[in-house]
Amino acid sequence: MSLTVGGSHMLLCRTAIRRGSTKKTLHTSASRMKAIENQSRKNNLKLLTGVGIFGFTAVVAANATFVTKTPELVAVEEEAETVETEKVEIEAVEAAAAVDEETAVAEAAQIAAEKALAAETIKIAAEEAEAVKAARMAAEEVAAAEAARIAAEEAAAAEAARMAAEEATAAEAAIIAAEETAAAEAAR
């Protein structure tokens, strides 16, 4: 059904017309009422959870937080700490002064032994370096002698080859001269 009010068209429900109002009520059905109650329970549960967590956090923070002391108490505690510190320092100085001579002698002997060991190690290292140097020099001498021997052999082989070439040239010259002589006699 359509109704014109103040120049605009409005469609009204029959139930609204019967009741005489166009407003809807908050609780229109039982299922909606149940949903609202469930939502209220959830909200209450969330509220209780939040209060519990806040309480737990407050207790933990109160136990963990250091509360400052009054200045007089702090001054007394500082004096007590200073006296205690001085006592500890005096005891430490006395303990340091009471070191046995035997301990000092043992430490000196240990230092001397370490120095002797270091000197021996240096001596051994120098001897090894000298031996390596001598071995290197011997190897260089052997290599030089081998190179000289190879050079001499190569020089001898070159000389032999030169002499063989000269002999071959002389023999060829003799053959040519003999052929020329034979050809000259044959031509006569």
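Trainee: Which side chain does R149 meet in a salt bridge at 2.5 Å, N to O?

Mentor: In this predicted model, R149 and its partner both lie in helix 4, 4 residues apart, which is about one turn of the helix. The side chains meet with an N to O distance of 2.5 Å, and the partner of R149 in this salt bridge is E153.

Trainee: Is E153 buried, partly exposed or exposed?

Mentor: The relative accessibility of E153 is 44%, and the partly exposed class spans the values between 20% and 50%. Because 44% falls in that range, E153 counts as partly exposed.

Trainee: Which other residue meets R149 in a salt bridge, at 2.2 Å, N to O?

Mentor: This second partner also lies in helix 4, whose span is residues 101-187, and the separation along the chain is 3 residues, again about one turn of the helix. R149 itself is partly exposed, with a relative accessible area of 39%, and the side chain that meets R149 at 2.2 Å, N to O, belongs to E146.

Trainee: Which residues do salt bridges with shared partners join into one network?

Mentor: Elsewhere in helix 4, R162 and E166 lie 4 residues apart, and their closest N and O atoms are 2.5 Å apart in a salt bridge. R162 is partly exposed at 39% relative accessibility, and E166 is likewise partly exposed at 45%. The network built through shared partners, however, consists of E146, R149 and E153.

Trainee: How many salt bridges does the count come to?

Mentor: The pairs discussed above include E146 with R149, R149 with E153, and R162 with E166. Under the rule that a side-chain nitrogen of Lys or Arg must lie within 4 Å of a carboxyl oxygen of Asp or Glu, the count comes to 4 salt bridges.

Trainee: Which element has the highest mean pLDDT, and which the lowest?

Mentor: For the protein as a whole, the mean pLDDT is 81, and 78% of the residues reach 70 or more. Where pLDDT is low, the predicted coordinates should not be read in detail. Among the elements, the highest mean pLDDT, 90, belongs to helix 4, whereas the lowest, 49, belongs to strand 2 (residues 8-11).

Trainee: What pattern does the protein follow when read along the sequence?

Mentor: The secondary structure comes to 4 helices and 2 strands. Taken in order along the sequence, these elements give the pattern β-β-α-α-α-α.

Trainee: What percentage of the 188 residues do buried residues make up?

Mentor: The protein exposes about 16,500 Å², and carbon and sulfur atoms supply 64% of that area. With buried taken as under 20% relative accessible area, the buried share of the 188 residues is 1%.

Note on methods:
Residues are numbered from 1 along each chain as its sequence is written. This is a predicted model: local features need pLDDT of at least 70, side-chain atom pairs count only at pLDDT 80 or more; totals for chains, interfaces and linings use all residues. Side-chain values use heavy atoms; hydrogens and water are left out. Buried means under 20% relative accessible area, exposed over 50%, partly exposed in between (1.4 Å probe, protein chains only). pLDDT is the predictor's confidence in each residue, from 0 to 100. Accessible areas come from the Shrake-Rupley method with a 1.4 Å probe; for residues, only the protein chains shown count as cover.
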